[in-house]
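Visitor: Got a minute to walk me through this one? Short answers are fine.

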Amino acid sequence: SAAWRLDLALPPGAAGTLRPAIVIIHGGGWIEGDKSSFSTTKNPPPGNVFDFARQGFVAATINYRLSKEAPYPAALHD
């Protein structure tokens, strides 16, 4: 299920180096939305995980189950 997936972007040369991390959780009031809005290059800097990675962060964006497929508190558990 897409609820358990994440998109991850690493800064150049990150292997073996500790870096600050950012986790981006999309909005939508548990009714709508998707992690893809933060893992495309359509959003202006620093609007997506790739822009954050270029700035030196490990960046991830996640999905959670929406209320139409799983009632409260499922999204919180995700």
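Guide: Sure, one term up front. A polar contact is a pair of N or O atoms within 3.5 Å; within protein, one must be able to donate a hydrogen and the other to accept it, and residues adjacent in sequence count only if both atoms are side-chain atoms. This is a predicted model: local features need pLDDT of at least 70, side-chain atom pairs count only at pLDDT 80 or more, and totals for chains, interfaces and linings use all residues. Residues are numbered from 1 along each chain as its sequence is written, and side-chain values use heavy atoms, with hydrogens and water left out.

Visitor: Which backbone nitrogen does the side chain of Asn48 reach?

Guide: That of Asp51, at 3.0 Å.

Visitor: And where is Asn48 placed?

Guide: In the loop between strand 2 (21–25) and helix 1 (49–54). Helices (H or I, at least four residues) and strands (E, at least two) are DSSP runs, numbered from the N terminus.

Visitor: Is Asn48 buried or exposed?

Guide: Asn48 counts as buried because its relative accessibility is 1%. The cut-offs: buried is under 20% relative accessible area, exposed over 50%, partly exposed in between (1.4 Å probe, protein chains only).

Visitor: What does Ser39 touch, beyond its neighbours within four places in sequence?

Guide: Asp7, Asn48, Val49, Phe50 and Thr61. Contact here means heavy atoms within 4.5 Å. With Asp7 there is also a side-chain to side-chain polar contact, at 2.7 Å.

Visitor: Why does Ser39 count as buried?

Guide: Its relative accessible area is 15%, so Ser39 is buried. Ser39 sits in the loop between strand 2 and helix 1.

Visitor: New topic. How many aromatic pairs are there?

Guide: One. Phe52 and Phe57 pair edge-to-face, 6.3 Å centre to centre, with 85° between the planes. Rings of Phe, Tyr and Trp (its six-membered ring) pair if their centres lie within 6.5 Å; planes under 30 degrees apart are stacked, over 60 edge-to-face, the rest tilted.

Visitor: What about burial for Phe52 and Phe57?

Guide: Phe52 is buried, at 15% relative accessible area. Phe57 is partly exposed, at 25%.

Visitor: Last one. Which peptide bond is cis, with omega near 10°?

Guide: The one from Tyr72 to Pro73. Most peptide bonds are trans. Pro73 lies in the loop between strand 3 (58–62) and helix 2 (74–77).
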